[in-house]
Amino acid sequence: MSGSFWKFSNGFTSLSNISTLLEDYNRDQESGKIEEGGQFRILLKLLSENDLLQELLSNNPMLMGFLREDKVLSMLVDLVITEGIIDEFEEEANHDAEQNDKQEQETEKEDSTSEKSSLKFDNNEEEEEEDEDNEVGKSANDDDDEPAETEEEKATKRATIAAEILSADVWSLTDAVMVSTENLNRLWEILDNKEPLSINLSTYFMKIMEHLLDMKCDDMITYLIENQPNLVAKFINHLSNPPLMDFLLKLISTDKPDNSTGIIDFLQNQNLVTHLIDALDISNDDKENYELSLIKQSSTADFLKALITISANSTTDNSTIGPNELTRELVSHEQMTRLCNIMLKGGYALANGVGIIIEIIRKNNSDYDILQILHIRLENHPPTGRDPIYLGHLLRVFGEKIEDFNELLVKEDPERKLKTPFGDIEPLGFERFKICELIAELLHCSNMALLNENRGADVVRERDELRNKMRDFDPISFKYNETIILPDESNSSSNSDSAVNANDTIDEFNGDDSIDDEEPHANANLTEEQIRANPVVGDFLKVALFDTQIISNILSMFFRFPWNNFLHNVVFDIVQQVLNGSMEIGFNKFLAIDLFHSGDITNKIIEGQKLCTDYEVLHNGLRLGFMGHLTLIAEEVVKFVQLYPSNTLSELIDLKVESEVWEEYVNNVLYDTREKYNAILGGGDEDEDDEEEEEESTTFDEGLGEIIDEVKTGLVFEEPKKRDLLDSDESESDDDDHFSNYMSQQLTNPSITPNHEHEDELETSSEDDDEDDEYIDPNDDGMSYKKTNSLYDSTGSLKKVGDNNDDDDEDDDEFSDDSSSSEDEEEDDKQNTKLTRSASKG
């Protein structure tokens with residue numbers, strides 16, 4: 001039962017090999033017979049047992065006591081660090097132990113084979129001996145065929161089991177590992193070596209550390225802060241090792257706003273962001289290790305993007321920790337300048353840098369901040385390390401470098417040609433595409449409300465200065481997001497009051513709003529010269545875009561590269577932002593005017609349409625790749641012109657949109673395209689087809705429901721007699737009429753419908769039906785219910801002959817009236833071409 005997970009022991013079963021080994025070890029330890037290295041040999045024997053981990057998880061007391069010893073833990077750590085490789089002395093000892101084990105196993109096999117041979121009885125002893133010899137030979141051959149474990153496989157197995165033991169989900173053993181600071185230090189010394197770690201070693205290290213972080217999070221963070229002063233340098237040595245960087249990201253994610261661990265402050269003090277930005281620059285690395293440098297650069301960019309993602313200002317995602325000091329340092333003016341200079345070197349640095357910038361802007365949109373900075377005061381909401389980050393420095397740095405990015409954009413390489421089924425074409429290139437993406441995202445960022453307020457930068461600067469003072473005054477409280485009261489200064493009284501009255505009322509909070517929505521915006525309806533004199537940071541970027549004409553250059557690339565749909569999507573995004581932006585506040589109006597004047601967007605749309613028409617003629621109807629986005633851009637222009645008609649914004653726009661060529665394009669080409677796009681797929685063109693489809697779509701249930709309604713309202717089903725008025729086949733109409741008569745007879749049966757108010761109108765001339773309707777129960781006494789009968793009166797007595805004749809006359813009169821009325825209705829049918837539904841259906 002040693003191999004089973006659950007130990008069913010009644011006291012009579014044999015002990016497992018692990019228990020036997022540990023009992024012998026304890027006995028020898030008590031008697032003092034343990035030699036030097038004997039403890040290690042016992043450990044190696046335990047590691048060779050297949051059910052060691054099962055015994056460990058089942059809390060074997062002897063095994064737990066053995067593994068928690070400091071020397072044993074140290075041996076396990078050595079096996080992990082050396083990846084299971086042992087020195088010569090220990091290897092010889094292990095070899096002797098293995099030989100002893102093999103001898104014991106051979107003796108056991110001999111005993112078992114002798115017992116088996118004594119139990120066999122056969123008449124022919126010689127045949128038995130031959131069979132036994134053959135069996136022994138086969139078993140020997142089988143043993144030879146089985147591949148023996150190599151030393152490398154044995155070492156890997158030992159290291160794997162040692163790592164499993166150190167990361168086992170056993171509370172007492174985890175406590176012992178966590179308390180053993182010396183062994184943890186030896187494990188962390190693995191990262192001091194700049195040589196890349198092997199996959200196995202990094203896996204062992206990650207498995208142990210992640211287990212300790214999950215089980216003992218606070219103790220693990222405390223250990224790192226107190227015992228690893230060069231923690232950032234250790235991780236920087238292995239940036240290209242994704243598991244290690246994932247572990248660093250997991251460490252950072254433990255520092256929540258409501259439960260701070262202090263690890264973010266610890267990493268910031270070791271300049272984590274500075275080291276990461278430096279790692280993006282590989283221009284000075286050796287060309288021999290260029291591929292490794294690219295891997296390192298890509299891993300660094302991925303880590304920064306992951307850090308930005310978990311630091312987003314979103315409150316709906318529980319996996320985020322919110323803005324923090326690491327991301328605030330990342331978007332500072334100094335770090336953004338360094339990142340921008342690295343990106344301008346081109347290559348993969350540009351692509352990775354653009355990805356970082358896009359992630360920063362998308363995850364830190366100030367329009368979605370819970371507390372808008374412009375609507376709060378320092379007294380009621382003092383700054384903390386968890387304030388939203390400000391993107392103004394990012395916009396200003398890149399606004400100053402727009403000219404350099406424009407030079408990279410217009411740079412051409414005529415020697416580069418790409419062979420395609422459409423011929424040799426000039427490729428757009430990854431760099432130019434990434435620059436277009438960067439401009440589109442910067443334009444998004446420049447439209448944020450905070451970046452278009454005159455006093456936005458001043459408010460942020462004031463809060464940053466106060467935050468730095470609070471950090472210098474009480475770094476411990478600042479690290480754990482606690483309230484800090486500064487000493488007596490010009491604003492000390494207000495800060496102390498805010499610390500005492502931390503719980504502000506709703507009225508006080510609403511009274512802190514410093515912006516009146518009724519007041520007009522400070523930058524509304526300003527001239528171009530006024531905005532250029534003192535632009536806000538959002539307008540600063542737009543002025544740079546206007547001066548460099550980079551948007552017009554990007555629009556021209558739309559038509560130069562007709563098959564790059566990624567570029568077309570980015571161009572459409574830029575045009576849509578400019579045309580849908582505010583035309584009253586800021587510099588966006590002048591960007592829109594320049595899009596019509598310098599960009600000449602209307603004429604380029606018309607020229608693109610002509611190019612596509614000519615291309616279709618030459619290539620059997622094949623259209624150019626930009627036509628879908630070209631139509632979307634044209635629709636945006638038409639919508640813009642409708643929103644801002646003539647004599648509203650500028651004469652330059654009026655000249656473009658009032659030209660005959662543009663009006664002809666809008667009224668003819670764009671209108672036809674719009675109709676084609678809005679057409680319902682599979683729809684018919686004629687009304688008659690639609691009516692036929694509606695009639696054919698009428699289900700059986702609908703027809704049955706109409707028949708029931710007609711019967712309930714007392715309508716008489718008429719037999720169709722005019723074949724010349726029928727549109728369908730004769731057989732179909734006959735079947736329909738037969739079904740209608742059948743349904744009318746069934747529904748008018750008194751046994752089904754007890755209501756006889758319309759019984760005279762629904763009565764037919766069939767005698768069989770009359771007999772069925774006048775059926776008398778033989779058990780009826782004549783008084784339980786009164787039913788009309790031609791032979792009996794209402795009292796149940798037999799009628800006289802004269803009464804019967806009178807009744808017959810009345811019946812005849814009624815029948816004649818019915819027949820005359822039916823003849824009149826037939827005459828009306830001859831004049832009226834409209835058929836009843838029962839006759840026309842089919």
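**Exercise 1. The D387 pair**

Task: Find which residue forms a salt bridge with D387, and place both partners in the chain.

Solution. Step 1: D387 pairs with R463, and their closest N and O atoms lie 3.0 Å apart. A salt bridge here is a side-chain nitrogen of Lys or Arg within 4 Å of a carboxyl oxygen of Asp or Glu. Step 2: D387 sits in the loop between α20 (348-363) and α21 (392-400), and R463 in helix α24 (residues 456-473). The pair links distant parts of the chain, 76 residues apart. Helices are DSSP runs of H or I with at least four residues, strands are runs of E with at least two, and both are numbered from the N terminus. Step 3: D387 is buried, and R463 is buried too. Buried means under 20% relative accessible area, exposed over 50%, and partly exposed in between (1.4 Å probe, protein chains only). Step 4: D387, R463, D464 and R467 are linked in a network of salt bridges.

The model is predicted: local features need pLDDT of at least 70, side-chain atom pairs count only at pLDDT 80 or more, and totals for chains, interfaces and linings use all residues. Residues are numbered from 1 along each chain as its sequence is written, and side-chain values use heavy atoms, with hydrogens and water left out.

**Exercise 2. The whole chain**

Task: State how many helices and strands the chain has, then give its burial, contacts and surface.

Solution. Step 1: There are 42 helices and two strands. Step 2: The chain has 842 residues, of which 37% count as buried. Step 3: Take contacts between residues at least 6 apart in sequence; 74% of them join residues at least 24 apart. Contact means heavy atoms within 4.5 Å. Step 4: The accessible surface is about 49,800 Å², and 47% of that belongs to carbon and sulfur atoms. Areas come from the Shrake-Rupley method with a 1.4 Å probe; for residues, only the protein chains shown count as cover. Step 5: A search of the whole structure finds 24 salt bridges.

**Exercise 3. K216 and D175**

Task: Describe the salt bridge between K216 and D175.

Solution. Step 1: The two side chains meet at 2.7 Å, N to O. Step 2: K216 is in the loop between α11 (199-215) and α12 (217-227), while D175 is in helix α9 (residues 171-179). The partners are 41 residues apart, and the pair links distant parts of the chain. Step 3: K216 counts as buried because its relative accessibility is 15%. D175 is partly exposed, at 23%.

**Exercise 4. Charges in helix α18**

Task: Compare the charged residues E325, R328 and E329 of helix α18.

Solution. Step 1: E325 and R328 form a salt bridge of 3.0 Å, N to O. Step 2: They are separated by about one helical turn, because they are three residues apart in helix α18 (residues 325-330). Step 3: E325 is buried at 8% relative accessible area, and R328 is buried at 13%. Step 4: E329 is also placed in helix α18. E329 is buried yet has no salt bridge. R471, the nearest side chain of opposite charge, is 7.3 Å away. For this purpose Lys and Arg are positive, Asp and Glu negative, and His and the chain ends are not counted. The place of a charge is NZ of Lys, CZ of Arg, CG of Asp or CD of Glu. Step 5: Leaving out residues up to four places away in sequence, E329 touches Q268, V273, T274 and Q335.

**Exercise 5. Loop residues**

Task: Locate G322, N271 and N647, and say how buried or exposed each one is.

Solution. Step 1: G322 lies in the loop between α17 (290-310) and α18. G322 counts as buried because its relative accessibility is 10%. Beyond neighbours within four places in sequence, G322 contacts I310, S311, A312 and R386. Step 2: N271 is in the loop between α15 (263-269) and α16 (272-280). N271 has a positive phi of about 60° although it is not a glycine. At 38% relative accessibility, N271 is partly exposed. Step 3: N647 lies in the loop between α34 (627-643) and α35. Its phi is positive as well, near 60°. N647 is exposed, at 72%.
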